[in-house]
Amino acid sequence: MQLKGLVRFFAIALILICLYQLSFTWIVRSHESDMEAKAERMMKAYPTPDQKYPGNAELQAVYADSLKQVKEGLVKHLLDSTKDAKIGPFSLTTYSSAKDKELLLGLDLQGGMSVTMEVGLDGLIRSLADYTKDPQFNRALDAAIQRKANSGADLISLFREEFLKMNASGNLAPFFTSRSNGKIKFTSTNDEVINYLKEQSSAAFNNTLRIIRTRIDRFGVSSPNINPDAAKGIINIELAGVTDPERVRNYLQSTANLQFFEVYTAENQELVNGITTADKALQDYLNGVKPATDTTKADSAKTATVAKADSTKLKENENPLRRLLLPGSQPYRSNTGKVIYPASIALIQTKDTAAFNSYMRMDIVKSKFPSNLVFMYGKVDIDDPKAKNLLTIYAIKTLDNGQAELEGDHVSDASQDYDERGRIAIKMNMDKLGTNIWAKMTARNIDHPIAIVLDNFVYSAPNVNDAITTGNSQISGNFSVKEAQDLAEILKSGKLPAPAKIVQEQVIGPTLGKEAIKGGSLSFLISFIVIFVLMLIYYNTGGWVANIALILNLLFTIGILSAMGFTLTAPGIAGLVLTIGMAVDTNVIIFERIKEELTKGKGYQAAVSDGYRRSLSPVLDAHVTTMLTAIILAYFGLGPVLGFATTQIIGILLSLFCGILVSRLITDFYTNKKRHFEYFTGLSKKIFKHAAFKFIEYRKVAYGISVVVLILGIGSFFNGFDEGVEFSGGRSYTIKFDKAVSPDAIRDDLKKVFENEAPVIKTVGTANQLNITTAYLIKNTKANADSTVEMALFNGLKNHLPQGLTYTEFDKKFKQSSQTVQPSISDDLKAGAQKATVFALIIICLYIFIRFRDWRYSLGTIFSLLHDVFVTLIVFSFFRKIVPFPLEIDQHFIAAVLTVIGFSMNDTVIVYDRIREDSKLLKGSSNAAIINKAINETLSRTVMTSLTVFLTILILFIFGGEVTRGFAFAMLIGVITGTYSSIFVAAPILVDFAKDKPLGKQEEKK
């Protein structure tokens, strides 16, 4: 009675808590809907596009976009102005308070951007080594960085290995003594240095995380989700509702490395002579002219040997360096009559920067310039549209270690402002030390420019008129107000101690999010109705118990997700749909056992009592195996897959509570000597009645099928798979066109703009929606690589888009989603997926061995699970070119495989439990007879549990949308093959191994 009282108390408490928690979501949606309706009424003051521009479709479209932006601004203003207003029934809460408690929707449901940032430690190591120019040190670090791109090891350990490869007895300590504050001495061992570097890297990761959090807080995103992983050195960030991915990339990846440099101007003869001699040396090198060697005294006077070259080649290589440099600003006279030289030395086209950079890395060119000179680019301060493809070149004068005399660490405040010419600028104030350094620098450079550099890009280089002793400075340039505000916020939040770059990115448009919500909600509703009706058709009034437990399970799952601040994603909805099928499985197992007890002639109360008691073991075993795979998935999964695993774990735990405890409470409350639930219908009485199939006799046929599966499974690795962008690395875009398009024609057009890199193109849902995946520029680490690829994509698709479409319109209306995964993170994801699968198999087999204390059960489990995994791999390998939807190996596929492993064990454990039970009752019977009887006795529940899950997954596959279609297809295969393997693979193994041994140690002792 005490247990029933506790169950009743917790059930009522959970109902009230979940309803209370979910009420905030209803209140928020209702208020936002009212504000949107109010904004709609206010918009009636504006003329419609037809009224404003009659007969001009182009201007109407532009005006319609403007109206849309105005409406969005009105809605935002109304919501902001009512954030502290009391709303909801009885006006008990404010909008801002309710907003914090509502059920959060993931990016795939409302649109937004998800990024994985990798904290790079190479810059930290160089900084701690005081930017040493030691060639051995720098070669070792570069080699370690290359290895890190395809390795799970940490950069510091790889750096040590590479350094010792070059010099086995080398000592790292001398490089780190100057900036370690006494922690590293010349006598320190390499182990002590590595420990110091790891301590510093941990601190740098935490500081980088803190600064990124600060930036995101100032970015103005509602409910950002930030998940750091210090062990892997990555930070996962989800920003729901953002509509400007480029701004996010710049905002998050900026290191805020602000520096103030003196510059070399054209009046510096050393610079002018360096350009002339470097140009001549480069020209000779390209023409094959090599410096003479003094191998003999006879020819030591000889200055050069000229290789054969035709006149065309000589002309092509004439002045290779100067040819890239375009004339820029000219010298002018100041009010005092002094000639003032501009800060920049020349202009250069953006397409020529790669060639210029490669030339500057060559020793024959680099040696012609001062050792403290570094060339940097900057914006062109011209409003002419022709200048958009031009950059200015500055000759920056560094300290001996390559750094600046004044760093941004000394900036105490920054804000958006305007300069003396009325241009948008960023005003900065410095601390006391920075003010002193700035005063000395400006006093030393009167009538000369000082370059203000952020992240190795020159933003402005004003000429110094007088010494500045107030500590004030500003950055001017071609900024928008938003860009200037962002830059000021970045400077205020501080410099990243270890730069972070985006290695994985996903952008989902709001349209795709709405489609995901519609598909997920529809599949959820249909699944619920189908299972609800099925329970009543098959289990009569007993089905009401299962349905009440199902309703409570779903209510509790969604309520707990909301209360704990978890985010509901499209895979999360898939998890809810799967929960519908698996939640009733508990009741199916119990009801089938009750039916067995009733068939034996027991009364209803006794049958119910024995049914619940004898079902407890298989129910617990089935849930534990499924739970183990869900936990493994949650541990190794990222982003959306993590949402699926979280929903599944909560659903499994609540399934035990509702399916066993709440169901029993309802049954006991209703059942007495005069009334009871009915568990049979005319249909369920006929199905599997007196089932006596001889499954074991057909095991050799099943073994033959399994051999074929094994061969084809191995063959699938040779036949290959279509890897999703998460595992292959690259960029993936979902584009929706106005009409059906030819994938082959689009592939040919994109191949031209992607420099002969053929993209992978697949139809998504309808013939006018394509997914385009490319590895073009994926190894390019420049900040503008994403925008470069997207612009190339737009240019390649122009023939298939409306005439006159701008890139901005294409980005907003046609590009539904995008995803970027760098090779380093794709390798980590692939390794994690392999570990998760192997780990799941080992854990399940270990659990089965502990539960049944017989190695044959574990062996049967291994064969059964391998069979299920191989069948799934076979279908995804050999059918990927046949089915009309993508079959890709990605995180969703791994989630499906792990779920299939757990579900397959659900069926297998039910059979194993009955075999163990029957072996106690059928003493003297052969193992084959016991196993046959056990399979036949559990056949009804095996089929019913598989049927409920199969139906829900089939509905998800049909109605759930493209996001979960591959997952659902893999699950459908897994459910079928899991049911087959439980009967024809796992059980027969017990017969053919250790034939004379009883089925379990317990029976052997007896």
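Me: What share of the contacts with a separation of 6 or more comes from residues 24 or more positions apart?
Reply: In this predicted model, residues 24 or more positions apart make up 74% of those contacts in the chain.

Me: OK, and how many residues of the chain count as buried?
Reply: 50% of the 1006 residues do.

Me: What about the surface, how much area does the chain expose?
Reply: About 47,400 Å², with carbon and sulfur atoms supplying 58% of that.

Me: Which residues have the most contacts inside the largest nonpolar core?
Reply: M535, I594, I848 and I915, in a core of 120 residues.

Me: And which helix gives the most to this core?
Reply: That's α20, which puts in 16 residues.

Me: Where's the other core, and what's in it?
Reply: It lies apart from the 120-residue one. This other core has 43 residues, including F137, F176, V193 and V242.

Me: Back to α20 then. At what angle do α19 and α20 pack?
Reply: About 145°, and their axes are 9 Å apart. α19 covers residues 542–563, while α20 covers 570–599.

Me: Left-handed or right-handed crossing?
Reply: The crossing of α19 and α20 is right-handed.

Me: Which residues in α20 does α19 meet?
Reply: On the α20 side you'll find L576, T579, I580, A583, V584, N587 and F591. They're met from α19 by G542, V545, A546, A549, L550, N553, L554, T557 and I558.

Me: How many of those are nonpolar, polar or charged?
Reply: The α19 and α20 contact has 11 nonpolar and 5 polar residues, and no charged ones.

Me: Last one: how many helices and strands in the chain?
Reply: 35 helices and 28 strands. The C-alpha atoms fill a box of roughly 115 × 85 × 60 Å along the principal axes.

Key. Residues numbered from 1 in each chain as written. Predicted model: local features only at pLDDT ≥ 70, side-chain atom pairs only at ≥ 80, totals over all residues. Heavy atoms only, no water. Axes fitted to C-alpha atoms, helices over the stretch in contact; angles between N-to-C directions. Helix = DSSP H or I, 4+ residues; strand = E, 2+ residues; numbered from the N terminus. Left-handed = near helix turned anticlockwise from the far one by under 90°. Contact = heavy atoms within 4.5 Å. Nonpolar A, V, L, I, M, F, W, Y, C, P; charged D, E, K, R; others polar. Buried < 20%, exposed > 50% of the residue type's maximum accessible area, 1.4 Å probe, protein only. Areas by Shrake-Rupley, 256 points an atom, 1.4 Å probe, with all protein chains shown as cover. Core = buried A, V, L, I, M, F, W, Y, C linked by side-chain atoms within 4.5 Å.
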